[in-house]
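Subject: Structure handover

Hello,

Here is the structure I promised to pass on. Please open it beside this email and follow along.

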Amino acid sequence: MAAAAADSNSITSRIRNLLRSPSALGLRRSRPVARDVAERITLDKVLGITASNSSSLACDFTTGLVAYPAGCVVVLCNPKKNKQSHILNASRKTICSLAFSPDGKFLVTGESGHLPAVRVWDVAEKTQVAELQCHKYGVSCVAFSPNMKYIVSVGYQHDKLVNVWDWKKNSIVASNKISSKVTAVSFSEDSSYFVTAGNRHVKFWYLSDSKTCKVGYYHCLRLPSNLACNACHHIKNHFSLAKYADM
């Protein structure tokens, strides 16, 4: 019995000495090298798409780039060259809405999930240049104003918020509640108002000049639930059909 115990202690001491040896320490120190190799791996191509409606698709008419989400990745596809480039969302939250700036240099994205962010990306550098956070559950639609000064973001139906951001100053300039489900948003050509459309509604939103910076809206025609609005150009003639309502 004593001999067996001595052999066991001897084996244990040999294992300890082996783990403390320079070769074992070298193996431990080599792990960060493997991690560095993993960080150098780049995404080559994405197969699939997680777009749920038209607010998850965007096209830059200047360059022809088409943007769409695939989980936490924005795919920038060049159909003419059949090539992809990618923007990786560091928060790892699913991207559910996006839109190009009028000049095509920036892309705004909205996330889904708890406390989602509205992020602005430099398309050429694939880097984030602004982050705006005020929604609670998800961002269904986003859009740049034609003068590129503002971004409008509309939350999910349970979020009940529509926000107008001065994205270069990282501040909210106007906000109001909305109870309807919104599937599309678009600014007017002069950036003076924007339109939201969704289930059986179209609403016109104007920025107030008051210090409270609330958003007023024209509550327009009740429409079929399958009708969505993707642009609001040449729509001023319809104002006579609407009655102004202050929220």
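Below is what turned up, starting with the whole chain and then moving to single strands.

**Overall picture**

Please keep in mind that this is a predicted model. The chain has three helices and 17 strands. It runs to 247 residues, and 42% of them are buried. The exposed area is about 14600 Å². Carbon and sulfur atoms supply 55% of that area. Now take the contacts in the chain with a separation of 6 or more: 40% of them are between residues 24 or more positions apart.

**The sheet that starts with β5**

Four strands make up an open sheet here. Their order is β5-β6-β7-β8, and the pairing is antiparallel. Which strands sit at the edges? They are β5 and β8, the latter covering residues 127-132. Each of these two pairs on one side only. On average, neighbouring strands of the sheet are turned by 25 degrees against each other, with direction ignored.

Look at β5 first. This strand spans residues 95-100. It is mostly covered, with six of its six residues buried. Its partner β6 spans residues 106-111. The two strands run antiparallel and are joined by five bridges. Two facing positions are easy to find:

- Leucine 98 in β5 has threonine 109 in β6 as its bridge partner.
- Isoleucine 95 stands opposite glutamate 111 in β6.

The hairpin of β5 and β6 has five residues between the strands. Glycine 104 takes a positive phi there, near 75 degrees.

**β11 and its two partners**

Move on to β11, residues 161-166. Is this strand mostly covered or mostly open? Mostly covered: six of its six residues are buried. Both faces are covered. One side carries Leu161, Asn163 and Trp165, and the other carries Val162, Val164 and Asp166.

β11 pairs with β10, residues 150-155, in the antiparallel sense. Five bridges hold that pairing. Serine 153 stands opposite asparagine 163 in β11. The two strands form a hairpin with five residues between them. In the turn, lysine 160 has a positive phi of about 60 degrees.

β11 also pairs with β12, residues 171-177. This pairing is antiparallel too, over six bridges. Leucine 161 stands opposite lysine 177 in β12. The hairpin of β11 and β12 has four residues between the strands. Here asparagine 170 takes a positive phi, near 55 degrees.

**Aromatic rings**

How many aromatic pairs does the structure hold? There are six. A pair of rings is described by the distance of the centres and the angle of the planes.

Take phenylalanine 194 and tryptophan 205. Their ring centres are 6.2 Å apart and their planes are at 10 degrees, so the pair is stacked. The cut-off for stacked is an angle under 30 degrees. Phenylalanine 194 lies in β14, residues 193-198. Tryptophan 205 lies in β15, residues 201-207. The two residues are eleven residues apart, and the pair links distant parts of the chain. Both phenylalanine 194 and tryptophan 205 are buried.

One more group is worth a look. Ring pairs link Phe106, Phe144 and Trp167 into a cluster.

Best wishes

Terms used. Residues are numbered from 1 along each chain as its sequence is written. This is a predicted model: local features need pLDDT of at least 70, side-chain atom pairs count only at pLDDT 80 or more; totals for chains, interfaces and linings use all residues. Side-chain values use heavy atoms; hydrogens and water are left out. Buried means under 20% relative accessible area, exposed over 50%, partly exposed in between (1.4 Å probe, protein chains only). Contact means heavy atoms within 4.5 Å. Accessible areas come from the Shrake-Rupley method with a 1.4 Å probe; for residues, only the protein chains shown count as cover. Rings of Phe, Tyr and Trp (its six-membered ring) pair if their centres lie within 6.5 Å; planes under 30 degrees apart count as stacked, over 60 as edge-to-face and the rest as tilted. Two strands pair if DSSP finds at least two bridges between them. Axes are lines fitted to C-alpha atoms, for helices over the stretch in contact, and angles run from 0 to 180 degrees between N-to-C directions.
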